[in-house]
Amino acid sequence: MSMTPTILEFPPTSSSAWRASTDSIAVSLQDVSKIYATASGETINALHGISLDIRAQEFVSVIGASGCGKTTLLRIIGGLETQYNGNLLLTGSKRSGPNKDIGIVFQDANLLPWRTVLQNVLLPAQVLKLDRKQAIERAFWLLDLVGLKGFEKKYPFELSGGMRQRVAIARALIHDPSVLLMDEPFGALDALTREHMNLELLKIWHSARKTVFMITHSISEAVFMSDRVIVMSPRPGRIIADVTIGLQRPRNLDLLSEAAFGDYTRRLRHLLDGDEKKPEGGAGVVLGRVQYD
Ligand SMILES: Nc1ncnc2c1ncn2[C@@H]1O[C@H](COP(=O)(O)OP(=O)(O)OP(=O)(O)O)[C@@H](O)[C@H]1O
């Protein structure tokens, strides 16, 4: 089987005002592989030969079967996993270990129950010893941005799941990182709240101008949110496709019923299922230029 990922490029249709990504590379993974050694002496080949460039301010999602190494990849980018082969470059410099220029949101908001919303958001600023007055100002701005103005003094138990996750997003952005990593951030939410959070996150992404790398199990969420969707093979995780999503921005929920949206989700599902066929008679049959290996 070819190791080169399928590249699908579609004509860019984004309006210039919403074209967030720049030409500079924010995150570069070069031939990254990861083998876990378990306590029983068994080895687990989690990732193999991952090479990926993410442009500054780009929104990139990754999809793949359970256990294919998505979280491992995110942990490597986030500096939480330092034992791996290959290179990680963040804004051009080789990195290993925790990085202040990254914010991470996990599936569970993990708020400290004894701290208020404001105090939770301020936690990384305290750990990083940032100027308190500026951090408080920024926390208020972020809580406004995530739609939680007026909730500063509430405690986590007084919030819904979606609100708690919005606090987690504000907390991840308090130190103004340029890269936001999200591991199934809305996986625990009901479908309606999830759609709402998708819209909120797009607004936040646009206002805060971050590079976003998001893991999701939802193909439609990946298409709706992203500039590109990375498709991974089952373990050991490899990149099998890198699909540019050329849908107009700004995006709203009407997009979900558009034909082009359905075409993307169908194609990604086929790639995940491994039944993407090479078109007979050359490339370019669906939605513009399509290049197959
Ligand atoms: N600390 C660890 N020690 C040993 N094996 C691990 C460790 N962490 C992950 N693995 C294994 O590595 C593989 C990839 O795990 P990972 O969590 O990255 O996958 P994933 O794609 O994020 O899965 P999911 O979609 O279910 O969250 C899995 O087989 C998992 O069991």
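This is a short tour of one protein structure, stop by stop, to follow in your viewer.

**Before you start**

The model you have open is a predicted one. Show the whole protein as a cartoon: its secondary structure comes to 7 helices and 12 strands. The protein has 293 residues, of which 37% count as buried. Now think about contacts between residues with a separation of 6 or more along the chain: residues 24 or more positions apart account for 72% of them.

**Stop 1: helix α1**

Select residues 70–77, which form helix α1. Is this helix largely enclosed or not enclosed by the rest of the structure? Here 6 of the 8 residues are buried, so α1 is largely enclosed. To see the buried residues, colour Lys70, Thr72, Leu73, Leu74, Ile76 and Ile77. Then step just past the helix to Gly79, which takes a positive phi of about 80 degrees.

**Stop 2: the loop before α2**

Move on to Asn110, found in the loop between β7 (102–105) and α2. Asn110 is not a glycine, yet its phi is positive, at about 50 degrees. Is Asn110 buried or exposed? A residue is exposed if 12 or fewer other C-beta atoms lie within 10 Å of its own. Asn110 has 12 such neighbours, so it counts as exposed.

**Stop 3: helix α2 against α3**

Select residues 117–127 for α2 and residues 132–145 for α3. Two packed helices are described by the angle between their axes and the distance between the axes. For this pair, the axes come within 10 Å and cross at roughly 125 degrees. The two helices α2 and α3 are therefore oblique to each other. The crossing of α2 past α3 is right-handed.

Which residues make the contact? Show these side chains:

- from α2: Val117, Leu118, Val121, Leu122 and Ala125
- from α3: Ala135, Ile136, Ala139, Leu142 and Leu143

Colour them by type, and this contact of α2 with α3 comes out as 10 nonpolar residues, with no polar and no charged ones.

Before leaving, click on Lys129 in the loop between α2 and α3. Lys129 is a residue other than glycine with a positive phi, near 55 degrees. With 8 C-beta neighbours inside 10 Å, Lys129 counts as exposed.

**Stop 4: helix α2 against α4**

Keep α2 selected and add residues 161–173, which are helix α4. This time the axes are 7 Å apart and the packing angle is about 35 degrees. The crossing of α2 and α4 is right-handed. On the α2 side, the contact uses Val117, Asn120, Val121, Leu123 and Pro124, and on the α4 side Val167, Ala170 and Arg171. How do the residues of this contact divide by type? There are 6 nonpolar, 1 polar and 1 charged.

**Stop 5: strand β10 and its partners**

Select residues 228–232, strand β10, where 5 of the 5 residues are buried. Turn on the side chains: Arg228, Ile230 and Met232 point one way, Val229 and Val231 point the other way, and all are buried.

Now add residues 59–63, strand β4, which pairs with β10 in the parallel sense over 4 bridges. To find one of the paired positions, look for Ile63, whose bridge partner in β10 is Val231.

Next, add residues 239–244, strand β11, which runs antiparallel to β10 and is joined to β10 by 5 bridges. In this pair, Arg228 stands opposite Thr244. A hairpin of 6 residues joins β10 to β11. Within that loop between β10 and β11 you will find Pro236. The peptide bond from Arg235 to Pro236 is cis, with omega near -5 degrees.

**Stop 6: the loop after β11**

Finish in the loop between β11 and α7 (259–273), where Ile245 has its place. With 25 C-beta neighbours inside 10 Å, Ile245 counts as buried. What does Ile245 touch, leaving out residues up to four places away in sequence? Its contacts are Val223, Ser226, Asp227, Arg228, Val229 and Tyr264. Try the distance tool on Ile245 and Ser226: they are 19 residues apart along the chain, and their C-alpha atoms are separated by 6.6 Å.

The last click is Pro250, also in the loop between β11 and α7. Arg249 and Pro250 are joined by a cis peptide bond, with omega about 0 degrees.

Key. Residues numbered from 1 in each chain as written. Predicted model: local features only at pLDDT ≥ 70, side-chain atom pairs only at ≥ 80, totals over all residues. Axes fitted to C-alpha atoms, helices over the stretch in contact; angles between N-to-C directions. Parallel < 35°, antiparallel > 145°, perpendicular 65-115°, else oblique. Left-handed = near helix turned anticlockwise from the far one by under 90°. Contact = placed C-beta atoms within 7 Å. Nonpolar A, V, L, I, M, F, W, Y, C, P; charged D, E, K, R; others polar. Buried ≥ 20, exposed ≤ 12 C-beta atoms within 10 Å, placed from the backbone. Pairing = 2+ DSSP bridges.
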